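Q: I have a structure open in front of me and would like to learn how to read it. Could we go through some features together?

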Amino acid sequence: MASQENIPLLKGEAMQNIPCIENAFMLIEQGKIKSLGPMTECPDPKPFHQVQDLQDHVIIPSFVDAHTHLVFAATREEEFVDRIKGLSYQEIAAKGGGILNSAAKLSQMSEENLYELSANKLHQLACLGTGAIEMKSGYGLSLESELKILRIHKKLAQHYPGAIRSTFLGAHAIPLQYRDRREDYIRIITDEMLPVIAQEKLADYCDVFCEKGFFSLEETDLILSKASQYGLKARIHSNQFTHCGGIELALRHKALSVDHLEVLNETEIQTLAQSNTIPILLPIAAFFMNQHQGPAKQLIDNQCGIALATDFNPGTAHSGSMPFLFSLACIAMRLTPEQVLSATTVNAAYSLELEDQYGSLCPGKWASFIILQAHRDLAFIPYSMSDSWIQKIYYQGNVNDRTQKK
Ligand code: NIG
Ligand code: FE
């Protein structure tokens, strides 16, 4: 995944035929890639500060995780067991569990403690190769708690050697006290939360959980329209459980991505193929919920450029591990290692408008990359079913200490 020029969004066949350079050099200056190319064109190494010989090592760009809900206060294993026993996600949600359960726990935790917890999680993900990440609010569901989460996103970004994109997801669930007057909560989102978020520049995007039992098409439309007036571009959770119409709506709002897509029909695939909205599939969520995987292969066969993300959250995908996602996407979606690499680097970076800084190795981008163990190639990543393939990770030109193995 390296070239002299930036790589375009990889669609269809291009997700398989990824650009790479055999026997290459890479020159890093001030955290960025200054030049790279075949060894025959390597400049004289003498004047450089540090030279590393990485013969027999494959190097890939660090991962871009384009969909997470990283800031949450508590895990929800009791609901996990309820689901195994037969309760549905919607039944648990209707009882006040699910997202509302997470919101209640989050409101009780101080901003300091929530920050510490989140910083730890982010650090662990960095050790697994995540070099840029999107995170959504949505476990607040009140002005105070939503702002608490978004401020934590901002603070995390100050200490993370990669990019963080912050998404406002106040429309994640209707709080219990608004159940009989939904429009009042939606008004709080549009008239109270959005203005402060825009003024304090706390989010890059606005997302809505468009799904039966959560937010209707009309409500989603209203919230995204208001968000756009405040300069927040759209992303949508859609087609997780039903064909809710969120894809057409996402396109009308020129959404950067439409995410989940476990339930997708032929017409919807064709619609996505003709759009600029990037389908983001979430194989860990489908696995965790024991659902059918979204039709990743069909989307690619229909010339889409898909991205894959973890959806890390306490309810439906309790893992932010990109190595685990890599294996799962190969095994359960029948994608090739090249397709998964395209979906978790270049295409994910496009979906977060980070394509000029992350997603591939090319001059001008951050030197954020993962060095594989010697003599291991791309196929060893999903095959290993763990992170044992990682030798060392660099973020913005510096080695990530915890991954440095002797
Ligand atoms: O992406 N689908 C909506 N939101 C999350 C899950 C939220 C939860 O259950 O806590 C998701 O799967
Ligand atoms: Fe999600």
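Q: Let's start with strand pairing. Which residue stands opposite leucine 281 in β10?
A: Histidine 260 is the residue facing leucine 281 of β10. Keep in mind as we go that this is a predicted model. The partner strand is β9 (residues 257-260), and four bridges join it to β10. The two strands run parallel.

Q: How do I read which way the side chains of a strand point?
A: Here is the general idea: in a regular strand, side chains alternate between the two faces of the sheet. Now look at β10 (residues 278-281): Ile278 and Ile280 point one way, while Pro279 and Leu281 point the other way.

Q: Are those β10 residues buried or exposed?
A: All of them are buried, whichever way they point.

Q: Next, the metal. Which protein atoms are the donors of the iron ion (ligand 2)?
A: To read a metal site, look for the atoms that count as its donors. In this case they are NE2 of His67, NE2 of His69, NE2 of His237 and an OD atom of Asp311, at 2.1 to 2.3 Å from the iron ion. Along the sequence, the spacing of these donor residues is H-x1-H-x167-H-x73-D. The pair of histidine 69 and histidine 237 links distant parts of the chain, 168 residues apart. Histidine 69 sits in the loop between β4 (63-65) and α1 (77-84), and histidine 237 belongs to strand β8 (residues 233-238).

Q: Are histidine 69 and histidine 237 buried or exposed?
A: Both of these histidines are buried.

Q: What surrounds ligand 1?
A: Start with the neighbours: there are 15 residues around ligand 1, and Tyr89, Tyr139, His172, Gln240 and Thr316 come nearest. By type, the shell divides into four nonpolar, nine polar and two charged residues.

Q: Which side chains have an N or O atom close to an oxygen atom of ligand 1?
A: Among them is tyrosine 139, at 2.5 Å from an oxygen atom of the ligand. For arginine 76 the distance is 2.8 Å, and for aspartate 311 it is 2.9 Å. Taken alone, ligand 1 exposes 330 Å², and the protein buries 100% of that. Aspartate 311 is also one of the iron donors we met earlier.

Q: Last one: why does asparagine 17 count as exposed?
A: Asparagine 17 counts as exposed because its relative accessibility is 53%, and the cut-off for exposed is over 50%. You will find asparagine 17 in the segment before β1 (24-29). Its C-alpha is 9.8 Å from that of methionine 1, and the two residues are 16 apart in sequence.

Definitions and conventions. Residues are numbered from 1 along each chain as its sequence is written. Chains are lettered from A and ligands numbered from 1 in the order in which they are written. This is a predicted model: local features need pLDDT of at least 70, side-chain atom pairs count only at pLDDT 80 or more; totals for chains, interfaces and linings use all residues. Side-chain values use heavy atoms; hydrogens and water are left out. A residue is near a molecule or strand if one of its heavy atoms lies within 4 Å of it. A polar contact is a pair of N or O atoms within 3.5 Å; within protein, one must be able to donate a hydrogen and the other to accept it, and residues adjacent in sequence count only if both atoms are side-chain atoms. Accessible areas come from the Shrake-Rupley method with a 1.4 Å probe; for residues, only the protein chains shown count as cover. Ala, Val, Leu, Ile, Met, Phe, Trp, Tyr, Cys and Pro count as nonpolar, Asp, Glu, Lys and Arg as charged, and the others, Gly among them, as polar. Donors are N, O and S atoms within 2.8 Å of the metal (3.2 Å for Na, K and Ca); water is not among the atoms, so sites may look incomplete. Buried means under 20% relative accessible area, exposed over 50%, partly exposed in between (1.4 Å probe, protein chains only). Two strands pair if DSSP finds at least two bridges between them.
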